[in-house]
Amino acid sequence: MQGKVIDQFYRHQDLHNQALYMVIASTRWFGLRVDLLCVPFITCVALASAGFSMQPAIAGLSVSYIMETLDYTQYAVRNFSEVENLMTAVERVITYTNLESEPGYKTKALPPKHWPCDGHITLRDVSLTYYEGAPQVLRTLNFNIEGKSRIGVVGRTGAGKSSFVAALLRMPDAQGDVIIDGVKITDINVKESRRCISVLSQVPVIFSG
Ligand SMILES: Nc1ncnc2c1ncn2[C@@H]1O[C@H](COP(=O)(O)OP(=O)(O)OP(=O)(O)O)[C@@H](O)[C@H]1O
Ligand SMILES: [Mg+2]
């Protein structure tokens, strides 16, 4: 388990570094272009000060001023582009905040105290589709699971075993009635109904050795 987490961490770290490297490289690329753009300006000022045979002090001052001005201009342009880059994360978060929340959050009704006590589950004509226009993953399921009993759900990969758990957790809400200990779960607040269900992650091995 520890090895798996470390592997996953390294994978995420690599992905992050790839993106970060691109950001740093493109910023340097941009900086170099801006530097090159400044060269003609400085050349013009240097030539003009020599051509108009100014006093050496004034020529030096004008060259140092133009260099300083261009330095600040570059700094400002680089900062603008960096703000634009970093604002992508903010834009993304703002987009997420504008997403419509699951309908179950609007239901304010709470389950009874100590619900569920037995874990009696009844499914009546339960069908599940993940999104509009998607194929039905669960089709008109009707069965009873006695409370305090242990059951196994078997099926080939893609048969809909995890989708059954998704229907219990209302991810998304299934059509039909899922009734746990006499309470139709779509009648209560989604956060409260999820709080009462525990899920252990899927492990492909039942018996070891
Ligand atoms: N989030 C999802 N969005 C759209 N379709 C999905 C989603 N999750 C699963 N499906 C589809 O639902 C069907 C059932 O998948 P499900 O994950 O429930 O199968 P499973 O029996 O748990 O398979 P496995 O044994 O591989 O875990 C599959 O055709 C799958 O492509
Ligand atoms: Mg599964």
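Helix 1, which covers residues 2-51, has 50 residues, and because each residue should contribute 1.5 Å, the helix is expected to span 74 Å, a value with which the 72 Å between its end C-alpha atoms agrees. This helix is also hardly covered, since the count of buried residues among its 50 residues is zero.

The model described here is predicted, and so it is worth asking how confident the predictor was. The mean pLDDT of the chain is 89, and 96% of its residues reach 70 or more. Within the chain, confidence is lowest in helix 2, residues 56-98, where the mean is 88, and highest in strand 1, residues 121-128, where it is 95. As a general caution, predicted coordinates should not be read in detail where pLDDT is low.

Strand 1 pairs with two other strands, as the table sets out.

| Strand paired with strand 1 | Residues | Sense | Bridges | Opposite residues |
|---|---|---|---|---|
| Strand 2 | 138-145 | antiparallel | five | Leu 128 and Leu 138 |
| Strand 3 | 175-180 | antiparallel | five | Ile 121 and Ile 180 |

In the pairing with strand 2, then, Leu 128 stands opposite Leu 138, while in the pairing with strand 3 the bridge partner of Ile 121 is Ile 180.

Which residues surround ligand 1? The shell is made up of Tyr 130, Ala 134, Val 137, Gly 155, Thr 157, Gly 158, Ala 159, Gly 160, Lys 161, Ser 162 and Ser 163. Sorted by class, this shell around ligand 1 holds four nonpolar residues, six polar residues and one charged residue.

Definitions and conventions:
Residues numbered from 1 in each chain as written. Chains lettered and ligands numbered in written order. Predicted model: local features only at pLDDT ≥ 70, side-chain atom pairs only at ≥ 80, totals over all residues. Helix = DSSP H or I, 4+ residues; strand = E, 2+ residues; numbered from the N terminus. Expected span 1.5 Å × (residues − 1). Buried ≥ 20, exposed ≤ 12 C-beta atoms within 10 Å, placed from the backbone. pLDDT = per-residue confidence, 0-100. Pairing = 2+ DSSP bridges. Near = placed C-beta within 6 Å. Nonpolar A, V, L, I, M, F, W, Y, C, P; charged D, E, K, R; others polar.
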